[in-house]
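Me: Please take me on a close look at the aromatic rings here, and then at the contacts around them. I am new to this, so plain words would help.

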Amino acid sequence: MEDLDLNLNPYPCWDEGTDSQQEFANELVESFCERFTKYLYNGVHDNIITSIDAVLISNSIFMAIDSINDANWWCNKKSTNDFTIASKLLEDDEMQLELINKLKKEYN
């Protein structure tokens, strides 16, 4: 499992939002990524998802975060559950939403 490469650490570029909102959004993104990476690792370790699933989810979340240019999007989710955020980020991918729900049932 140590060789599982989860690339879930984007550095979003904000085009919208004040400087303080952008700084806060950076912190929210970083903490979300740290926590969600743990869920993915644990999901693989506990045989809830496969390592391929974890990498696909990680890559999709990375790309979705990278596509959000409004810091307010994250600021508005400061009290939102990690699985709700992941579901919102991947809302157009039914297969990955199913995997997120499996993780949610186990770890939420």
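Reply: Let's begin with a yardstick: a residue is buried under 20% relative accessible area, exposed over 50%, and partly exposed in between, judged with a 1.4 Å probe and with protein chains only. You are looking at a predicted model, where local features need pLDDT of at least 70 and side-chain atom pairs count only at pLDDT 80 or more, while totals for chains, interfaces and linings use all residues. Residues are numbered from 1 along each chain as its sequence is written, and side-chain values use heavy atoms, leaving out hydrogens and water.

Now to the rings. The structure holds 7 aromatic pairs. Here, rings of Phe, Tyr and Trp (for Trp, its six-membered ring) pair if their centres lie within 6.5 Å; planes under 30 degrees apart are called stacked, over 60 edge-to-face, and the rest tilted. Such pairs link Phe32, Phe36, Tyr39, Trp73, Trp74, Phe83 and Tyr107 into a cluster.

One of the pairs is made by Tyr39 and Phe83. Their ring centres are 4.6 Å apart and their planes meet at 40 degrees, so this pair is tilted. It brings together distant parts of the chain, with Tyr39 in helix 1 (residues 19-45) and Phe83 in helix 4 (residues 82-89), 44 residues apart. Helices, by the way, are DSSP runs of H or I with at least four residues, and strands are runs of E with at least two, numbered from the N terminus. Phe83 is buried, with a relative accessible area of 1%.

Another pair is Trp73 with Trp74. Here the ring centres lie 5.1 Å apart and the planes are at 65 degrees, so the pair is edge-to-face. Trp74 has 1% relative accessibility, which means that it counts as buried. Trp73 has a further partner: the charged end of Lys77 sits over its ring, 4.1 Å from the centre. (A charge sits over a ring if NZ of Lys or CZ of Arg is within 6 Å of the ring centre and within 35 degrees of the ring normal.)

Helix 1 and helix 4 are also joined in another way. Asp82 in helix 4 and Arg35 in helix 1 are 47 residues apart, and they form a salt bridge whose closest N and O atoms are 2.7 Å apart. A salt bridge means a side-chain nitrogen of Lys or Arg within 4 Å of a carboxyl oxygen of Asp or Glu. The two partners have unlike surroundings: Asp82 is buried, at 7% relative accessible area, whereas Arg35 is partly exposed, at 35%.

The structure holds 2 salt bridges. Lys88 forms one with Glu91, where the closest N and O atoms are 3.1 Å apart. Lys88 counts as partly exposed at 39% relative accessibility, and Glu91 is partly exposed too, at 43%.

What about the cysteines? A search of the whole structure finds 0 disulfides, a disulfide being a pair of cysteine sulfur atoms within 2.5 Å. The sulfur of Cys13 is 14 Å from the closest cysteine sulfur, that of Cys33, which is too far for a bond. Cys13 is exposed at 58% relative accessibility, while Cys33 is buried at 2%.

Let's step out to the loop between helix 1 and helix 2, where Asn47 is found. Asn47 has a positive phi of about 60 degrees although it is not a glycine. Why is that worth a glance? Most residues other than glycine have a negative phi. Asn47 is exposed, with a relative accessible area of 69%.

Helix 2 (residues 51-67) includes Leu56. Leu56 is partly exposed, at 38% relative accessible area. Ser51 is in helix 2 as well, and it counts as partly exposed at 35%. Although Ser51 and Asn7 are 44 residues apart in sequence, their C-alpha atoms are 13 Å apart in space.

Asn9 lies in the segment before helix 1 and is partly exposed at 39%. Its C-alpha atom is separated by 9.4 Å from that of Ile65, with their positions 56 residues apart along the chain counted as the separation.
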